[in-house]
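Thanks for passing this one along. My notes follow as numbered points, so have the model open while you read.

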Amino acid sequence: MEKKWWQSSVVYQIYPRSFKDSNNDGIGDINGMISKLDYLDDLGIDVIWLSPVYSSPMCDNGYDISNYRDIADEYGTMDDIDRLIQEASKRNIKIIMDLVVNHTSDEHFWFKESRKSKDNPYRDYYIWRDPTDDGLVPNDIDSIFSGPAWTFDELTGQYYFHLFDRRQPDLNWENKEVRDKIYDMMNFWLDKGVGGFRMDVIDLIAKEVDRKITGNGPRLHTLLKEMNIATFGDRDVLTVGETWGATPEIAKMYSDPKRNELSMIFQFEHITIDWDEVYGKFKPKPLDMLEFKKVISKWQTELTDEGWNSLFWSNHDLPRIVSKRGDEGLYRVESAKMLATLLHFLKGTPYIFQGEEIGMTNVKFDSLEDYDDIETHNFYKKNIKDGFSHEDMMKAIWENGRDNARTPIQWDSTANAGFSSTKPWLKVNPNYKTINVELALEDDNSIFYHYKRLIALRKEMDLIVYGDFQLLLEEDPSIFAYIRSDAENKLLVVCNVTGNEIPFILPDFISPINSRLIITNYNDQPLKDIQNLRPYESFAYLI
Ligand code: NOJ
């Protein structure tokens, strides 16, 4: 496989609303991002994935776009974004834009026209159907944000289709004119010099609603090939598709370079592993660690040479990883470093979600009113109707709700965590006085410097980028260990994924003469005589 720049890169995701407020309206903005580029440069990242900054009524915080070629007022102007691209480029950082083209906002010009009349030229840009003979919804497809995927529009007496909120109508990708307009828009951004796209729920665009097919529609890969040719195919960019329904077989279809589709995808098998079949993330079950190890290992080995993995623990839709899979209390620092070590030595392109690099944690607001997220509110309403108690729902929201990831970045210990001088749009996590960037930068042993070291190691060692993966201790529920190897070297990674001491003896092939400890989360790791791994202890040896 030909080597690509994005294989040895590390990506950092910015959620604009919560990153840094520069004009003190309580909402993060583009100038705030520019002011923190040196911080990101210091961390060592190569790419920023920018969650949507386009004009939007913000019912889903920008994943409901009303104009793809304009910037939301609260985030800044087109000049600001041009400056962000330039300033980032001075630091060798590329910006990749979020491409949300499964749906638009209902305030997009196309939809406003579309709903006017059945013969409006934009009618067919969206998916409209008559009610059934009994006057009911066309079929029983549900929205991912709960409730039916169909909303009745009085004016023309038809239903329109939306896989998310009713204010996010789905585009009709069977319409060539729609596709051409999207490709034009993508080229508009590519011409500005962006480094690629993260493609929102891209596996849903080829839906066939009458056959009740939503994900992985039959024409999906034909459409992606068409998009590739019409837009980024001859440019050296990173494209990553969000695909909740991907298996390794499907992943190869997207990311096998011979097929000319995308660079890589986000798959979610390691995330949804503890979700309920019906209620999903809002009824989580305990994690089966052996299954978890199997899933990670499967993705590592099955994509070898015919595709590429993305590596991530968190994003703006997921809980904070240290709370979810580590220990946000006593062992916060150790467990956050362990999780980083576990992920960053895998084969693939790592993604860091803002705040992860300082070990930000989940938040527990007492009142539902303090939550902003549309998914959280929609599910609360639905699940309470289905018999969940308020207490159960709050517990589920504390564990898996999306606002866990969206509280403002904790920059320092001053009011509003240094994010803004006014009250932020979403409450700051009350732990900001002990967990913040300023403290992290002052402490040589902080989680921040652990991430920085992991990123630097990836740049130094091709083995981390390209080496083969082999899982060790498959049947051990407490230790996640693996080997990466190439023709010359081996890398042994060992992680205690529990808060207990676990008996462990280093394998024979490690000796003080042939090995070098390259990272550890306890500072006094001896090479020999290890009998036990301490809580969340993790390290890597180069052999
Ligand atoms: C996935 C995005 O990550 C999420 O935040 C959004 O709500 C849905 N797609 C709809 O765009």
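1. A word on terms before the sheets: helices (H or I, at least four residues) and strands (E, at least two) are DSSP runs, numbered from the N terminus. Two strands pair if DSSP finds at least two bridges between them. With that in hand, Val-11 has Val-47 in E2 as its bridge partner. Strand E1 (residues 11-14) and strand E2 (residues 47-50) run parallel and are joined by four bridges.

2. Please keep in mind that this is a predicted model, where local features need pLDDT of at least 70 and side-chain atom pairs count only at pLDDT 80 or more, while totals for chains, interfaces and linings use all residues. Residues are numbered from 1 along each chain as its sequence is written, and side-chain values use heavy atoms, with hydrogens and water left out.

3. The pair E1 and E2 belongs to an open sheet of eight strands with parallel pairing, in the order E11-E10-E9-E5-E2-E1-E13-E12. Strand E11 (264-266) and strand E12 (310-311) are at the edges with a single partner strand each, so each has one side without a neighbour in the sheet.

4. There is also an open sheet of three strands, ordered E6-E8-E7, and here the pairing is antiparallel. Its edges are strand E6 (128-129) and strand E7 (150-153); each has a single partner strand, so one side of each is left without a neighbour in the sheet. Four bridges join E7 to strand E8 (residues 158-161), and Thr-151 has Tyr-160 in E8 as its bridge partner.

5. Now to the ligand. Which residues come nearest to the ligand? Of the 13 around it (a heavy atom within 4 Å), they are Asp-60, His-103, Asp-200, His-316 and Asp-317. By class, this shell has four nonpolar, two polar and seven charged residues; Asp, Glu, Lys and Arg count as charged, Ala, Val, Leu, Ile, Met, Phe, Trp, Tyr, Cys and Pro as nonpolar, and the others, Gly among them, as polar.

6. Do look at the polar side chains facing ligand oxygen atoms. A side-chain N or O atom of Asp-317 is 2.5 Å from one oxygen atom of the ligand. For His-103, a polar side-chain atom lies 2.9 Å from a ligand oxygen atom, and for Arg-198 the distance is 3.1 Å. The protein buries 97% of the 300 Å² that the ligand exposes when taken alone (accessible areas by the Shrake-Rupley method with a 1.4 Å probe).

Note on methods. A polar contact is a pair of N or O atoms within 3.5 Å; within protein, one must be able to donate a hydrogen and the other to accept it, and residues adjacent in sequence count only if both atoms are side-chain atoms.
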